[in-house]
Amino acid sequence: MKIAVIGGAGYIGSHVSRELLDFGHEVFVYDNLSSGLRQNLFKEADFTLGDILDVKSLDDFFEKTKPEGIVHLAALKAAGESMLLPEKYSVNNITGSINILNAAAKHGVKYIVFSSSASVYGSPKYLPMDEKHTTEPENYYGYTKLAIEQNLEWYRKLRGINYAALRYFNAAGYDIKGRISGLEQNPANLLPIVMEVAVGKRTFVEVFGNDYETPDGTGVRDYIHVSDLARAHRMAFDKLQSIGKSFTINLGGSSGTSVLEVIKAAERISGRKIEYKIAPRRVGDAPTVLANPAYAKEFLGWQAEHSDLNTLLESTWVVYKK
Ligand code: WQD
């Protein structure tokens, strides 16, 4: 299938592009390189430098590439920042997605796989979280993802574009074959921050609270390997093509890992001391966030295969230690 990967020079986008190329799809990357990296691009994939806020550039891209399917991963994703700068998030995430939907409708695109997030749920009302959990986002970033999901549903009804909304839990790790090595700049997520301490780019990790109702008092999350996420995107296209219906799926592994467990494992794998300081809880953090992967398994036939803590950290350390 001819597939446009919008945001394909990014951390997840590059892994999705690689997976689609490995399975014989034709990949056309559209990225403004605001956080994506040229080094994450593959020679087999056509690349267009462009912004999703530039309607003319998007239109030319669709005219040129005529994709049957789209993967949309171009978004700002720092939950904390979204509460300080909602204007950046409403324009880039929501307006940008509307531009993509309008271009898709105009150019007869049939399928959209959308990078959504567990943030649409807000604080867990029960664990592990399945797709029926209420969607009450507690940060503006999570709201933008939910707003886009709701627009996908309207464009399905009114323009016949079928979609797969994939709600990622905590994406981590790197391509296990070492084919992707772009480092995220100014990361906000735990694993890259821990790795920056391991290589001496930071002096310590702040542990946002150690008095949660969790086994060791620190936050527990469902870390999912980016290669597992990439496989789910490919499988989602196959499913969309075969059933012609839309769906929403949680992508997680449902085994939880705490902040301190991540730090200890990173020390073991890197052989480096990783200093940390206990800091106040971060506003909006839940003690534990875990996905129920049953529907992904039953409906898509997908489950996490590389999301054990060792693989997540070893594949990341290989990239950071260079
Ligand atoms: C993980 C754990 C922190 C940094 C966010 C978004 C979510 C998704 C993934 C895009 C928590 C703790 C972190 C640090 C720490 N993003 N932590 N010190 O908050 O679970 O999810 O990223 O899709 O939408 O909300 O990820 O990596 O920020 O935090 O103690 O310096 O690590 O408290 O328990 P989070 P995270």
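## Ligand site

Strand β8 provides three residues of the shell around the ligand, the largest share of any contributor. This is a predicted model, and the shell counts 18 residues in total, with Ser119, Glu206, Arg221, Arg282 and Asp285 closest to the ligand. At least two shell residues come from each of α6 (190–198) and β8 (205–208). By class, the shell holds nine nonpolar, five polar and four charged residues.

The ligand lies between two domains, because both give residues to the shell around it. Domain 1 spans 2–172 + 223–251, and domain 2 spans 190–222 + 254–292 + 305–320.

## Polar contacts and burial of the ligand

Three side chains place a polar atom beside an oxygen atom of the ligand. For arginine 221 the distance from a polar side-chain atom to a ligand oxygen is 2.7 Å. Arginine 221 is also listed among the residues closest to the ligand. For asparagine 189 the corresponding distance is 2.8 Å. In asparagine 170, an N or O atom of the side chain is 2.9 Å from an oxygen atom of the ligand. The protein buries 88% of the 680 Å² that the ligand exposes when taken alone.

## Second largest pocket

The second largest pocket holds about 210 Å³ of space. Its lining consists of 13 residues, and those nearest the centre are Glu19, Asp175, Lys177, Arg179 and Ser227. Seven of the lining residues are charged, with three nonpolar and three polar.

Two helices, α1 (11–22) and α7 (226–243), each supply at least two residues of this lining. The largest share, four residues, comes from α1.

## Enclosed cavities

Rolling a probe the size of a water molecule over the atoms shows where empty space is left. Across the whole structure, two cavities of 30 Å³ or more are found. The largest cavity contains about 50 Å³ of space. Its lining is made up of His72, Ser97, Ile100, Leu101, Ile112, Phe114, Ile148 and Leu152. Elements giving two or more residues to that lining are α4 (86–106), β5 (111–117) and α5 (140–159). Helix α4 has the largest share, at three residues. The lining of the largest cavity has six nonpolar and two polar residues, and no charged ones.

The second largest cavity has about 30 Å³ of space. The residues lining the second largest cavity are His72, Leu73, Ala74, Ala75, Asn93, Ser97, Phe114, Ser115, Lys145 and Ile148. Here too, α4, β5 and α5 each supply at least two residues. His72, Ser97, Phe114 and Ile148 appear in the linings of both cavities. The class split for the second largest cavity is five nonpolar, four polar and one charged.

## Backbone exceptions

Most residues other than glycine have a negative phi, and most peptide bonds are trans. The bond that joins leucine 127 and proline 128 is cis, with omega about -10°. Proline 128 sits in the loop between β5 and α5. Both β5 and α5 also contribute to the lining of the largest cavity.

Two residues other than glycine, lysine 66 and asparagine 186, have a positive phi, near 45° in each case. Lysine 66 belongs to the loop between α2 (55–65) and β4 (69–72). Asparagine 186 is placed in the loop between β7 (170–172) and α6. Helix α6, at one end of the loop that holds asparagine 186, supplies at least two residues of the shell around the ligand.

Note on methods
Residues numbered from 1 in each chain as written. Predicted model: local features only at pLDDT ≥ 70, side-chain atom pairs only at ≥ 80, totals over all residues. Heavy atoms only, no water. Near = heavy atom within 4 Å. Polar contact = N/O pair within 3.5 Å; in protein donor to acceptor, adjacent residues only side chain to side chain. Areas by Shrake-Rupley, 256 points an atom, 1.4 Å probe, with all protein chains shown as cover. Nonpolar A, V, L, I, M, F, W, Y, C, P; charged D, E, K, R; others polar. Domains from an automatic or database assignment. 1 Å grid on protein atoms, 1.4 Å probe; cavity = no way out; pocket = protein on both sides within 12 Å on 5 of 7 lines; lining within 4 Å. Points joined across faces, edges and corners; volume = space filled by probe spheres on them.
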